[in-house]
Amino acid sequence: MKNPPSYEVGYCRPPKRTRWQKGQCGNPKRIRKQTPKPIVELIDDFFASKIAIVEQGVSRRVSAFEAIAEQLWRHAIGGSKRATSVLLHYQAFAARRSGGMGGVIYRFEELGENVSGEEPRGNNA
């Protein structure tokens, strides 16, 4: 068996006086890394945050969710099919979550058929 070489200071061999003592922590100030927030919490924080919007020259602070909903509503009223689709999907989602209708608009007529059971009105000869 070979005798181990005498101790030398160098790569991967720090001086013995600077090594951690038995039981000493490598993080003496106890500064820990922050754990990342879950994505759901990040989204909730974003929607709850307040932003400033300007309407007809008047500035007001609203939640980010309210600002997004208002913008979607304006685009849907303006004729955007995509914005209308997103609003209807959100209403259906909200209705499922709340257990009620949630303001969902249901269609009673489909492809010109009257499913209400009423006789059509007008001049029937």
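Tutor: A residue is called buried when its relative accessible area is under 20%, exposed when it is over 50%, and partly exposed in between. The model discussed here is predicted.

Student: Why is cysteine 12 called exposed?

Tutor: The relative accessibility of cysteine 12 is 65%. The cut-off for exposed is over 50%, so cysteine 12 counts as exposed.

Student: What makes cysteine 25 partly exposed?

Tutor: Cysteine 25 has a relative accessible area of 32%. Partly exposed lies between the 20% and 50% limits, and therefore cysteine 25 belongs to that class.

Student: How many disulfides does the model contain?

Tutor: The count is zero. A disulfide would require a pair of cysteine sulfur atoms within 2.5 Å.

Student: Why is threonine 18 called partly exposed, and where does it lie?

Tutor: Threonine 18 has 46% relative accessibility, so it counts as partly exposed. Threonine 18 is located in the segment before α1 (39-48).

Student: What makes the pair of threonine 18 and proline 15 a polar contact?

Tutor: A polar atom of the threonine 18 side chain lies 3.0 Å from the backbone oxygen of proline 15. The cut-off is 3.5 Å, so the distance of 3.0 Å satisfies it.

Student: How do you know that arginine 60 forms a salt bridge with glutamate 55?

Tutor: The closest N and O atoms of arginine 60 and glutamate 55 are 3.1 Å apart. A salt bridge requires the nitrogen and the carboxyl oxygen to be within 4 Å, so the pair qualifies. Both residues are partly exposed: arginine 60 has a relative accessible area of 31%, and glutamate 55 one of 24%.

Student: Why is the pair of glutamate 66 and arginine 60 also called a salt bridge?

Tutor: Their N to O distance is 3.8 Å, and the limit is 4 Å; the pair is therefore counted. Glutamate 66 is partly exposed, with a relative accessible area of 33%.

Student: Which residue of helix α2 is linked to arginine 60 in strand β2, ten residues apart?

Tutor: Glutamate 70 forms that salt bridge, with its closest N and O atoms 2.8 Å from those of arginine 60. This pair links distant parts of the chain, as glutamate 70 is in helix α2 (residues 64-77) and arginine 60 in strand β2. Salt bridges with shared partners join Glu55, Arg60, Glu66, Glu70 and Arg74 into one network. The whole structure contains six salt bridges.

Student: What makes glutamate 70 buried?

Tutor: The relative accessible area of glutamate 70 is 19%. Buried means under 20%, so glutamate 70 is buried. Leaving aside neighbours within four places in sequence, glutamate 70 is in contact with Ile53, Glu55 and Arg60.

Student: Which strands have the lowest and the highest mean pLDDT among the elements of the chain?

Tutor: Strand β3 (residues 109-110) has the lowest value, 45, and strand β2 (residues 58-63) the highest, 93. For the chain, the mean pLDDT is 79, and 74% of the residues reach 70 or more.

Student: Where does pLDDT stay under 50?

Tutor: This is the case over residues 107-115, for which the model has three contacts beyond four places in sequence. Where pLDDT is low, the predicted coordinates should not be read in detail.

Technical notes
Residues are numbered from 1 along each chain as its sequence is written. This is a predicted model: local features need pLDDT of at least 70, side-chain atom pairs count only at pLDDT 80 or more; totals for chains, interfaces and linings use all residues. Side-chain values use heavy atoms; hydrogens and water are left out. pLDDT is the predictor's confidence in each residue, from 0 to 100. Helices (H or I, at least four residues) and strands (E, at least two) are DSSP runs, numbered from the N terminus. Contact means heavy atoms within 4.5 Å. Buried means under 20% relative accessible area, exposed over 50%, partly exposed in between (1.4 Å probe, protein chains only). A polar contact is a pair of N or O atoms within 3.5 Å; within protein, one must be able to donate a hydrogen and the other to accept it, and residues adjacent in sequence count only if both atoms are side-chain atoms. A salt bridge is a side-chain nitrogen of Lys or Arg within 4 Å of a carboxyl oxygen of Asp or Glu.
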